[in-house]
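User: Please justify the structural terms used for this model, setting each value against its definition.

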Amino acid sequence: MKAYNEMGSEELKAEKEALEKQFAGVKAKGLKLDMSRGKPSKAQLELSNELMDVLNSDSYFCDETGTDCRNYGVMGGIPEAKKLMGAMSEVNPEDMIIYGNSSLNVMFDTVSRSMTHGVCGNTPWCKLDKVKFLCPVPGYDRHFRITEYFGIEMINIPMTENGPDMDLVEQYVNNDASVKGIWCVPKYSNPQGYTYSEETVKRFANLTPAADDFRIFWDNAYSIHHLYDEPEKQDYLLEILNECRKSGHPDMVYKFISTSKVTFPGSGLAAVAASQKNLEDFKKHLTVQTIGHDKLNQLRHVRYFGNMANMHAHMSRHAEILRPKFETVENTLENELGGLGIGTWTTPRGGYFISFDSMDGCAKAIVAKAQEAGVKMTEAGATFPYGMDPRDSNIRIAPSFPTLSDLKLATEIFILSVKLVSVDKLLAE
Ligand code: PMP
């Protein structure tokens, strides 16, 4: 088919009429489909069911040092959990603290503690006139909601296929002492599925921040979440803690990780990796906050996986379920929208999302249109701080949750919505 912007108004009107008929047809079906959140499907959850059989009343409940995991204590996590999560995060077990069930919760706490008590003895952020965070966009809505909640000013940094625009990052971080942090999803980013290049990671590690308490919030949520088993089809991310050490800035980064999309979201293990100085700072707060995290869950995860190789094998079973879903969305987009000039999208090799960009000024209307036919998408604008996409063009597609047949239907309805809104825009021009 011709590109839409090459069509005359009569052709566009004819196309609109045909699309409206199709849309009325799907709307009449009264569907209820959800492509809004990056939740694993039921089939994926079932992969981890045996995790629930690892412990029962006959189990040995002690960790490898003999500590009874049914009781309080062991603030930083049992040694074998640190080993497993350390391997997942590519750091030494001693550079890690195991937390509770959610890494987002740890990120929230970290910002909260920095606001009230400061970072490693620096002035608490709440006592400063201005605190700013850099936000690579499009990005993860829940990161932005944390910084918005604390009244931290957020600055958009455009993303590229290699990571954030590092010229801009360097300019802000190295010159503006009110810039205290940056949100990063460095591997299979949310929502584009991009992985930061080696050069980007090295440039991060070589930042020379104007503020002593500037920290990189490195949320490696998708560290082992490949869609393909072949190593040449997997993205590779340079390990940043070691790079920061090499560049003489060992305290500049906090690495967050969790097993939310490995086992059960909301019932997994979360962890932080950082320099010893940073970990001591975390622990000062932690020892007031709790008498210890859920060590039985740590024990359960460690005994279930045993080692990293088994965890990778488990991720490969997730990929078997996820891969056809991503490919279905991508192929349908290509077949239906390829060459029309009304949208572009990413084709990630891992993670949980596909990022779609419509013509400027269309995203909100597309999401509303899809909703009209029963397809729930992530709210347009959510991938930007304050929910404000300056071009109103980015839409996050989350293919994981629906069944394959529902996903096909949902994608077709989404595409119809893109076409209808685009035709309207072109006719109005
Ligand atoms: N970080 C990113 C980038 C995510 O996409 C998600 C889940 N959607 C999380 C963190 C949440 O992780 P957790 O369940 O460990 O809080």
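Analyst: In the register of the strands, Lys132 stands opposite Val179 in β6. Helices (H or I, at least four residues) and strands (E, at least two) are DSSP runs, numbered from the N terminus. The model is predicted: local features need pLDDT of at least 70 and side-chain atom pairs count only at pLDDT 80 or more, while totals for chains, interfaces and linings use all residues. Residues are numbered from 1 along each chain as its sequence is written, and side-chain values use heavy atoms, with hydrogens and water left out.

User: What makes β3 and β6 a pair, and in which sense do they run?

Analyst: Two strands pair if DSSP finds at least two bridges between them. β3 and β6 have 3 bridges, in the parallel sense, so the criterion is satisfied. Phe133 also has a counterpart in β6, namely Gly181.

User: How do you know that β3 also pairs with β4?

Analyst: Strand β3 (residues 132-137) shares 6 bridges with strand β4 (residues 153-160), again in the parallel sense. Since the rule asks for at least two bridges, this qualifies as pairing. Within β4, Asn156 is the residue opposite Cys135. Between β3 and β4 the chain passes through helix α5 (residues 141-149), and this β-α-β crossover is right-handed.

User: Why is that crossover called right-handed?

Analyst: The term applies if, with the strands pointing away from the viewer, the path from the first strand over the helix to the second runs clockwise. The path here leads from β3 over α5 to β4 and is assigned as right-handed, so by that definition it runs clockwise.

User: Which strands make up the sheet, and what makes two of them edge strands?

Analyst: The open sheet has 8 strands in the order β2-β9-β8-β7-β6-β3-β4-β5, with mixed pairing. β2 and β5 (163-164) each have a single partner strand, so one side of each lacks a neighbour in the sheet and they stand at the edges. In general, strands of a sheet pair through backbone hydrogen bonds, either parallel or antiparallel.

User: Why is β3 described as mostly covered?

Analyst: Buried means under 20% relative accessible area, exposed over 50%, and partly exposed in between (1.4 Å probe, protein chains only). In β3, 6 of its 6 residues are buried. Side chains in a regular strand alternate between the two faces of the sheet. Here Lys132, Leu134 and Pro136 are buried on one side, and Phe133, Cys135 and Val137 on the other, so that both faces are covered.

User: What makes helix α3 largely enclosed, and what covers its buried residues?

Analyst: In α3 (residues 79-89), 8 of the 11 residues are buried, so the helix is largely enclosed by the rest of the structure. The cover includes β2 (96-98), β8, β9 (270-273), α10 (295-305) and α11 (308-337). One of the buried residues is Met85, whose relative accessible area is 0%. Contact means heavy atoms within 4.5 Å; Met85 touches Met96, Ile98, Ile257, Ser258, Thr259, Leu269 and Ala271, not counting residues up to four places away in sequence.

User: Why is the link between Arg203 and Glu170 called a salt bridge?

Analyst: A salt bridge is a side-chain nitrogen of Lys or Arg within 4 Å of a carboxyl oxygen of Asp or Glu. For Arg203 and Glu170, the closest N and O atoms are 2.8 Å apart, so the pair meets the definition. Arg203 lies in helix α7 (residues 198-205) and Glu170 in helix α6 (residues 166-175), so parts 33 residues apart in sequence are tied together. By this rule the count comes to 26 salt bridges.

User: How do you know whether the residues of the Lys180 and Asp213 salt bridge are buried or exposed?

Analyst: The salt bridge between Lys180 and Asp213 has an N to O distance of 2.8 Å. Lys180 lies in strand β6 (residues 179-184) and Asp213 in the loop between α7 and β7 (215-219), so this pair ties together parts 33 residues apart in sequence. Lys180 has 6% relative accessibility and counts as buried; Asp213, at 4%, also counts as buried. By contrast, Arg203 at 23% counts as partly exposed, and so does Glu170 at 22%.
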